[in-house]
Amino acid sequence: MIILVTGGSGCGKSTWAEKLVQSLLSGKRVYIATMQVYDRESEIRVQRHRAQRAGLGFRTVECEKDLASAPVEDGSVVLLEDLVNLTANEMFDGGNPARIVPALQDLAARCSHLVMVTNDLFSDGGNYSPSVQEYLRCLADIHREAAGMADCVVEMVYSIPVVLKGEVPCLCSVPC
């Protein structure tokens, strides 16, 4: 099953996605971390996420770009965190965002469950530089492809999962 989890910053997407993966009983658990650590705020966020995952049985794979190169065993349950960072790393750090969707398709074909987390960056209506506008357009295309691939799309709103597409597996066992 392929699941896309979206929502605003700090709305509980990561926590909920980790609980969802915990409720899925098959395969090894792999956490693909895409965030580049470049300042104190990002260090704190990574530390918080690592503490949150401690003891949950994830093997963490650091993969800032080139998702296709991530070492993931066939049949694994994969939590990919997140598409926003992966896209930014590909666009602004010498990568190629065109390789993200094919890598997602390949990953989805190889794992038993793929849970993709992303952020909604499209709600503030700000005026951005042309490069940021291009990034947002690219990210929107990737979101559209990811949502199309997904059996289930969930938006987290104030830490409440709102199902936008399909059904959440094991919903009764995934606390909010």
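A helix here is a DSSP run of at least four residues marked H or I, and helices are numbered from the N terminus. The model in front of you is predicted. With that in mind, start in helix 5.

Helix 5 holds both Asp141 and Arg137. Their positions are four residues apart in this helix, which means that about one helical turn separates them. Their side chains meet in a salt bridge, with 2.6 Å from N to O. Asp141 is partly exposed, at 27% relative accessibility. Arg137 is also partly exposed, at 42%. The pair does not stand alone: salt bridges with shared partners link Glu134, Arg137, Asp141 and Arg144 into one network.

Side chains of opposite charge can pair when their charged atoms come close. How many salt bridges does the count give? It comes to eleven. One of them joins Arg59 to Glu73, and their closest N and O atoms are 3.1 Å apart. Arg59 sits in strand 3, while Glu73 sits in the loop between strand 3 and strand 4, so this pair ties together parts that are 14 residues apart in sequence. Arg59 is partly exposed, with 34% relative accessibility. Glu73 is partly exposed as well, with a relative accessible area of 31%.

Another salt bridge lies in helix 4. Arg110 pairs with Asp106, and the closest N and O atoms are 3.1 Å apart. These two residues are four apart in helix 4, so about one helical turn separates them. Arg110 has 24% relative accessibility and counts as partly exposed. Asp106 is partly exposed too, at 37%.

Now turn to the rings. A pair of aromatic rings is described by the distance of the centres and the angle of the planes. How many aromatic pairs does a search of the whole structure find? It finds two. In one, the ring centres of Tyr31 and Phe58 are 6.0 Å apart and the planes stand at 80 degrees, so the pair is edge-to-face. Tyr31 belongs to strand 2 (residues 29-33) and Phe58 to strand 3 (residues 58-62), so the pair ties together parts that are 27 residues apart in sequence. Tyr31 is buried, with a relative accessible area of 2%. Phe58 is buried at 15%.

The other pair is Phe92 and Tyr135. Their ring centres lie 5.7 Å apart and their planes meet at 50 degrees, so this pair is tilted. Phe92 is in helix 3 (residues 83-92) and Tyr135 in helix 5 (residues 130-149), so parts 43 residues apart in sequence are tied together. Phe92 is partly exposed, at 47% relative accessible area. Tyr135, in contrast, is buried, at 8% relative accessibility.

Tyr31 has a charged partner as well. Arg53 lies over the face of Tyr31, at 3.5 Å from the ring centre. Helix 2 (residues 40-53) is also the place of Arg48. Arg48 is partly exposed, at 44% relative accessibility. Between the C-alpha atoms of Arg48 and Ala88, 40 residues apart along the chain, the separation is 21 Å.

Next comes the interior. The largest nonpolar core has 28 residues, and Ile32, Leu67 and Met116 touch the most other members. Several elements each supply at least two residues of this core, including strand 1 (2-7), strand 2, strand 4 (77-81), strand 5 (113-117) and helix 5. Which element gives the most to this core? Helix 4 does, with six residues. Take Leu67 as a place to look. Leaving aside neighbours within four places in sequence, Leu67 is in contact with Ile32, Leu80, Leu86, Glu90, Ala103, Leu104 and Leu107. Apart from the largest core lies another core, of 19 residues, among them Ala17, Val77, Val117 and Cys152.

Finally, the cysteines. A disulfide is a covalent bond between the sulfur atoms of two cysteines. The search of the whole structure finds zero disulfides. Why does Cys63 have no such bond? The closest cysteine sulfur, in Cys111, is 13 Å from the sulfur of Cys63, too far for a bond. Cys63 is buried, with 4% relative accessible area. For Cys138, the closest cysteine sulfur is that of Cys63, at 16 Å, again too far for a bond. Cys138 counts as buried, at 10% relative accessibility.

Definitions and conventions. Residues are numbered from 1 along each chain as its sequence is written. This is a predicted model: local features need pLDDT of at least 70, side-chain atom pairs count only at pLDDT 80 or more; totals for chains, interfaces and linings use all residues. Side-chain values use heavy atoms; hydrogens and water are left out. Rings of Phe, Tyr and Trp (its six-membered ring) pair if their centres lie within 6.5 Å; planes under 30 degrees apart count as stacked, over 60 as edge-to-face and the rest as tilted. Buried means under 20% relative accessible area, exposed over 50%, partly exposed in between (1.4 Å probe, protein chains only). A charge sits over a ring if NZ of Lys or CZ of Arg is within 6 Å of the ring centre and within 35 degrees of the ring normal. A nonpolar core is a set of buried Ala, Val, Leu, Ile, Met, Phe, Trp, Tyr and Cys residues joined through side-chain atoms within 4.5 Å. Contact means heavy atoms within 4.5 Å. A disulfide is a pair of cysteine sulfur atoms within 2.5 Å. A salt bridge is a side-chain nitrogen of Lys or Arg within 4 Å of a carboxyl oxygen of Asp or Glu.
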